[in-house]
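Subject: Structure for you to look at

Hello,

Please find the structure below, with the sequence alongside. My notes on what was found follow it.

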Amino acid sequence: MNIAICDDSELDRFVLERLLKETLGRYNLSTFDNAQKLMASFETHTFDVLFLDVYMPGLNGVEAARRIKEISPDSAVVFTTSSPDHALEGFDLGVVHYLLKPLDSRKVADALKRCHRKAPMGMLSVKSGRDTIPLNLSDIDYIESVNKDCIVFSGGQQQLLHTRLRELELLLPEDAFMRCHRSYIVNLNKVTCVRGYDFVLRCGVLVPIKRQERLQMKQAFEDFCFKQLRS
């Protein structure tokens, strides 16, 4: 995932960078102390998520978000600010979230979830060690955590990723991928039914469900199926 931070405060950039490390672990980060430099970087870079301070000298965050929407409409923009004054403008610009300073890890994790909720079921680039691995989200059946790595199961194929399950969970669209067990994430599009304490996949694989949360997860799957029928 390619992330950009644009904030004229060095301290605020440092705090957000630290919180991203605590939340994600692996990602590509670019930082900018003004929006002019950020906009110039689009000539050679693309960003999945951008954290923009609203109040900056020169080009402010609102105007920068307006330009980003034109040149990179798939990028998810998050406003970071000490005042909620521009929340309505942010909504009109399609800003994914509005974070009020001071920031903390819970706020940042929530913003990242909202960003990935925005993402369509397409390709996802995941950092694995020193490599970047492309994943086709619609092909994924389920993901299993093994030690500190993950194995992605897709149509009988397996892909080993050197990343933790929690980090991968934050990158996946929340409406389709469920953390159903401490060691598993399942693609609800590939589930046929719930049998006992397992999700039954189309491929015949049984993916375990947390015993203490079986009823909630069964209900979440039924809600997902109902939404699919209505869409």
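Strand β9 pairs with strand β10 (residues 157-161) through five bridges, and the pairing is antiparallel. In this predicted model, C150 has L161 of β10 as its bridge partner. The two strands make a hairpin with two residues between them, and G155 in the turn has a positive phi of about 50°.

β9 also pairs with β8, again in the antiparallel sense and over five bridges. Here V146 stands opposite D149 of β9. Is β9 enclosed or open to the outside? Five of its six residues are buried, so β9 is largely enclosed by the rest of the structure.

The hairpin of β8 and β9 has two residues between the strands. N147 sits in that loop, between β8 (142-146) and β9 (149-154). Its phi is positive, about 55°, although N147 is not a glycine. Most residues other than glycine have a negative phi, and most peptide bonds are trans. N147 is also exposed, with a relative accessible area of 74%; the cut-off for that word is over 50%.

A second backbone feature to look up is the peptide bond from K101 to P102, which is cis, with omega near 5°. P102 lies in the loop between β5 and α5 (105-118).

Next, the parallel sheet. Five strands form an open sheet in the order β2-β1-β3-β4-β5, with parallel pairing. Why does one side of β2 and of β5 have no neighbour in the sheet? β2 (28-32) and β5 (97-100) stand at the edges and each has a single partner strand, so one side of each is left without a neighbour. From one strand to the next, the twist averages 20°. Within this sheet, β1 (residues 2-6) and β3 (residues 49-53) run parallel and are joined by four bridges. I5 has F51 of β3 as its bridge partner. Helix α3 (residues 61-71) packs on the sheet, where it touches β3 and β4 (76-81), and its direction makes about 155° with that of β3.

There is also an open sheet of three strands, in the order β13-β14-β15, and its pairing is antiparallel. Its edge strands are β13 (191-195) and β15 (206-208), each of which pairs on one side only. Neighbouring strands in this sheet are turned by 30° against each other on average, with direction ignored. Three bridges join β14 (residues 198-201) to β15, and D198 stands opposite P208 of β15.

On the interior: in soluble globular proteins, nonpolar side chains tend to be buried together. In this model the largest nonpolar core has 37 residues. Those with the most contacts inside that core are I3, L20, L24, F51, I143, L168 and L172. Leaving out residues up to four places away in sequence, L24 touches M1, I3, L112, E167, L170 and L171. Another core, of 22 residues, lies apart from the largest one and includes C6, F42, L50 and A64.

One residue of helix α6 (residues 165-171) is R166. Is R166 buried, partly exposed or exposed? Its relative accessibility is 38%; partly exposed covers the range between the 20% and 50% cut-offs, so R166 counts as partly exposed. Not counting residues up to four places away in sequence, R166 touches A109, K113 and R179. R166 and R182 are 16 residues apart along the chain, and their C-alpha atoms are separated by 9.4 Å.

Last, the whole chain. The secondary structure comes to seven helices and 15 strands. The radius of gyration is 19 Å, close to the 17 Å that the globule rule gives for 231 residues, so the protein is as compact as a globular protein of that length. Along the principal axes, the C-alpha atoms fill a box of roughly 60 × 40 × 30 Å. Of the 231 residues, 45% count as buried. The protein exposes about 12,300 Å², and carbon and sulfur atoms supply 49% of that area. Among contacts between residues at least 6 apart in sequence, 50% join residues at least 24 apart.

Regards

Notes. Residues are numbered from 1 along each chain as its sequence is written. This is a predicted model: local features need pLDDT of at least 70, side-chain atom pairs count only at pLDDT 80 or more; totals for chains, interfaces and linings use all residues. Side-chain values use heavy atoms; hydrogens and water are left out. Two strands pair if DSSP finds at least two bridges between them. Axes are lines fitted to C-alpha atoms, for helices over the stretch in contact, and angles run from 0 to 180 degrees between N-to-C directions. Contact means heavy atoms within 4.5 Å. A nonpolar core is a set of buried Ala, Val, Leu, Ile, Met, Phe, Trp, Tyr and Cys residues joined through side-chain atoms within 4.5 Å. Buried means under 20% relative accessible area, exposed over 50%, partly exposed in between (1.4 Å probe, protein chains only). The radius of gyration is taken over C-alpha atoms; the globule rule is 2.2 Å times the number of residues to the power 0.38. Accessible areas come from the Shrake-Rupley method with a 1.4 Å probe; for residues, only the protein chains shown count as cover.
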